[in-house]
Every structure is written in structure tokens, then in C-alpha cells.
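Thank you all for making time this morning. Please look at the structure as I put it up, and keep it in view while I talk.

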Amino acid sequence: MRSDAHISVTRADVRMGQLTRHVAEKFEGGRAYAVTTGLGLPRTWCLSTAAVLAGFEKGLAETTNVTDASQRLRTATSEARAALATTCDNLVERVLPDATLVALMLSEGSLHVMSAG
């Protein structure tokens, strides 16, 4: 199976400016994708989405030898959650940021999808 993808993200209008609330990224040459949305205060969107994607990428990298795509997505999603929790633990904000995550992976002609948040 060959997949072609294009990622385009529009910034959110916040007061007198624009901020990036949604972030999408492809991994492993287009075999895996992640889309995350920042929740909470707009000033924390970038922080939370960056942590989620970094954790997701780390989880994928740690499981390159695992053949089960569902297990790889579970591990990558758990790493994303852990990275966000670690980032939140280092903040002094009263309202902690949060994020959503939709991840998918193409493997052996099957599409595996996982969402969290």
C-alpha cells in the first residue's frame, strides 16, 4: 500500500493575534501520523502539543523492533501522555494544560487508529 499525505494547519484567532492550536506530523516516512490539539489556556497550547508529539515520537522510536502496529501505537500514546504529564509537573500554572491526540499507523495493508484526550 502506498500512502500520500499533505498536512496543512490553520492558526486559531486569539484576541488580536493568531496561535497554533492544532499540530499534525508524519513519522517513519508517512507510515505513522499524529494530530494533537492544545487544550486549556491559549498560552500553553504550543507547550502541550510539543510535549505530546515529542513523547509520541520517542515511543515510536523505542518500538521499531515490535511488529504489532497496535502495540506500537499503544506504547507511543503512553509515552505521549507521560511526556505531557512531565511537562505539566514542571509548571506553576494554576490551570494545567492538556491535549488531545489522534494517532494512526499503516501496517501490512491495515490502518490502526488510536485516540486519547
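Let me begin with a question for you: is Arg 31 buried, exposed or partly exposed? Arg 31 is partly exposed, because its relative accessible area is 38%, and by that term I mean the range between buried, which is under 20% relative accessible area, and exposed, which is over 50%, with a 1.4 Å probe and protein chains only.

Before going on, I should say how to read what you see. This is a predicted model, in which local features need pLDDT of at least 70 and side-chain atom pairs count only at pLDDT 80 or more, while totals for chains, interfaces and linings use all residues. Residues are numbered from 1 along each chain as its sequence is written, and side-chain values use heavy atoms, with hydrogens and water left out.

Now to the sheet. It is an open sheet of 4 strands, in the order β3-β4-β5-β6, and the pairing is antiparallel. At the edges are β3, residues 22-27, and β6, residues 110-116, each of which pairs on one side only. On average, neighbouring strands of this sheet are turned by 10° against each other, with direction ignored. When I say strand, I mean a DSSP run of E with at least two residues, and a helix is a run of H or I with at least four residues, both being numbered from the N terminus; two strands pair if DSSP finds at least two bridges between them.

Let us follow the pairing inside the sheet. Strand β4, residues 32-39, and strand β5, residues 98-107, pair in the antiparallel sense over 8 bridges. Along this pair, Ala 32 has Met 105 of β5 as its bridge partner, and Ala 34 stands opposite Ala 103 in β5. On to β6: β5 and β6 pair over 7 bridges, again in the antiparallel sense, and here Leu 106 has Leu 111 in β6 as its bridge partner.

Where do the helices sit? Helix α1, residues 45-62, packs on the sheet and touches β3, β4 and β5, with its direction at about 155° to that of β4. Helix α2, residues 69-89, lies across β5 and β6 and runs at about 160° to β5. Contact here means heavy atoms within 4.5 Å, and the angles, which run from 0 to 180 degrees between N-to-C directions, use axes that are lines fitted to C-alpha atoms, for helices over the stretch in contact.

Let me return to Arg 31 by way of the salt bridges, of which the structure holds 5. A salt bridge is a side-chain nitrogen of Lys or Arg within 4 Å of a carboxyl oxygen of Asp or Glu. Side chains of opposite charge can pair when their charged atoms come close. Glu 28 forms one such bridge with Arg 31, where the closest N and O atoms are 3.2 Å apart, and Glu 28 forms another with Arg 72, at 2.4 Å between the closest N and O atoms. Glu 28 lies in the loop between β3 and β4 while Arg 72 is in helix α2, so this pair ties together parts that are 44 residues apart in sequence. Glu 28, Arg 31 and Arg 72 are thus linked in a network of salt bridges. Within this network Glu 28 is partly exposed, at 30% relative accessibility, whereas Arg 72 is buried, with a relative accessible area of 4%.

A further salt bridge joins the side chains of Glu 62 and Lys 58, at 4.0 Å from N to O. Because these two are 4 residues apart in helix α1, Glu 62 and Lys 58 are separated by about one helical turn.

Finally, please look at two places in the backbone. Most residues other than glycine have a negative phi, and most peptide bonds are trans. Arg 15, however, has a positive phi near 50°; Arg 15 is found in the loop between β1, residues 12-14, and β2, residues 17-19, and counts as exposed at 84% relative accessibility. Glu 108 also takes a positive phi near 50°, in the hairpin of β5 and β6, which has 2 residues between the strands. Glu 108 is exposed as well, with a relative accessible area of 78%.
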